[in-house]
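Here's a quick briefing for anyone meeting this structure for the first time. Have a look at the sequence and the model, then read on.

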Amino acid sequence: MNKKQQFENVFKCKWSTVVLDKISGGIKQPGQLLRSVVGISKKVMYQRLKKLERFGYIRRRLIQEKPLIVFYTPTVLGRKAYRI
């Protein structure tokens with residue numbers, strides 16, 4: 001899969017763009033994302049997060065404390081895609 005096909009595969013869903021926009025704008029945790037993106041279901045949000053992570057647009061970090069803390073940050077590729 002070339003880069004253009006990869007980009008189209010990830011961003012053909014409107015929610016990928018919205019989720020990446022929110023992460024790039026400073027919202028880092030899944031709960032915050034779910035509250036800030038009006039109309040997205042939890043299932044779809046997690047599908048988009050997994051796809052964005054798999055293709056290298058965001059990075060998932062897990063902090064092993066109690067409670068566990070998960071947060072997302074855009075990668076260099078994600079910041080470039082966000083500017084397009």
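Let's start with Ile63: with a relative accessibility of 28%, this residue counts as partly exposed, because that value falls between the 20% limit for buried and the 50% limit for exposed. Keep in mind that you're looking at a predicted model. From Ile63 we'll go to the strands, then to the helices and how they pack, and finally to a few loops.

**Strand 1 and the turn after it**

- Ile63 sits in strand 1, which covers residues 58-63.
- Looking past residues up to four places away in sequence, you'll find Ile63 touching Leu68, Ile69 and Phe71.
- Strand 2 spans 69-74, and Pro67 is in the loop between strand 1 and strand 2.
- Check the bond leading into that proline: the peptide bond from Lys66 to Pro67 is cis, and its omega is near -5°.
- As background, most peptide bonds are trans.

**Helix 2 and its buried side**

- Helix 2 runs over residues 14-24, and its buried residues include Trp15, Ser16, Val19, Leu20 and Ile23.
- Around the axis these residues take up an arc of only 130°, so they end up on the same side of helix 2.
- The general pattern behind this is that an α-helix has 3.6 residues a turn, so residues three or four places apart point the same way.
- Right after helix 2 comes Gly26, with a positive phi near 115°.
- For comparison, most residues other than glycine have a negative phi.

**Helix 2 against helix 4**

- The axes of helix 2 and helix 4 come within 10 Å, crossing at roughly 75°.
- That angle lies in the 65 to 115 degree range, so helix 2 and helix 4 are roughly perpendicular to each other.
- On the helix 2 side, the contact is made by Trp15, Ser16, Val19, Leu20 and Ile23, while helix 4 brings in Val44, Arg48, Leu49 and Leu52.
- Sorted by class, the residues in this contact of helix 2 with helix 4 are 7 nonpolar, 1 polar and 1 charged.

**Helix 1 against helix 4**

- Helix 1 (residues 3-11) and helix 4 (residues 42-54) have axes that come within 10 Å and cross at roughly 165°.
- An angle over 145 degrees counts as roughly antiparallel, and that is therefore how helix 1 and helix 4 are arranged.
- Their crossing is left-handed.
- Where they meet, helix 1 offers Asn9, Val10 and Phe11, and helix 4 offers Arg48, Lys51 and Leu52.
- The residues of this contact of helix 1 with helix 4 split into 3 nonpolar, 1 polar and 2 charged.

**Lys51, a closer look**

- Is Lys51 buried or exposed? Lys51 is buried, as its relative accessible area is 14%, and the cut-off for buried is under 20%.
- Lys51 belongs to helix 4.
- Setting aside residues up to four places away in sequence, Lys51 touches Asn9 and Val10.

**Pro30 in helix 3**

- Pro30 has its place in helix 3.
- Pro30 is buried too, with a relative accessible area of 11%.
- Which residues does Pro30 touch, not counting those up to four places away in sequence? They are Met45, Tyr46, Val70 and Tyr72.
- Pro30 and Met45 are 15 residues apart in sequence, and their C-alpha atoms are 8.5 Å apart in space.

**Two loop residues to find**

- Helix 3 covers 30-36, and Ile27 is in the loop between helix 2 and helix 3.
- Apart from neighbours within four places in sequence, Ile27 is in contact with Lys22, Gln32, Leu33 and Ser36.
- Ile27 and Phe71 are 44 residues apart along the chain, with 8.7 Å separating their C-alpha atoms.
- Gly39 lies in the loop between helix 3 and helix 4.
- At 67% relative accessibility, Gly39 counts as exposed, since the cut-off for exposed is over 50%.
- From Gly39 to Lys4 it's 28 Å, C-alpha to C-alpha, and the two are 35 residues apart in sequence.

Terms used:
Residues numbered from 1 in each chain as written. Predicted model: local features only at pLDDT ≥ 70, side-chain atom pairs only at ≥ 80, totals over all residues. Heavy atoms only, no water. Buried < 20%, exposed > 50% of the residue type's maximum accessible area, 1.4 Å probe, protein only. Helix = DSSP H or I, 4+ residues; strand = E, 2+ residues; numbered from the N terminus. Arc of directions from axis to C-beta. Axes fitted to C-alpha atoms, helices over the stretch in contact; angles between N-to-C directions. Parallel < 35°, antiparallel > 145°, perpendicular 65-115°, else oblique. Left-handed = near helix turned anticlockwise from the far one by under 90°. Contact = heavy atoms within 4.5 Å. Nonpolar A, V, L, I, M, F, W, Y, C, P; charged D, E, K, R; others polar.
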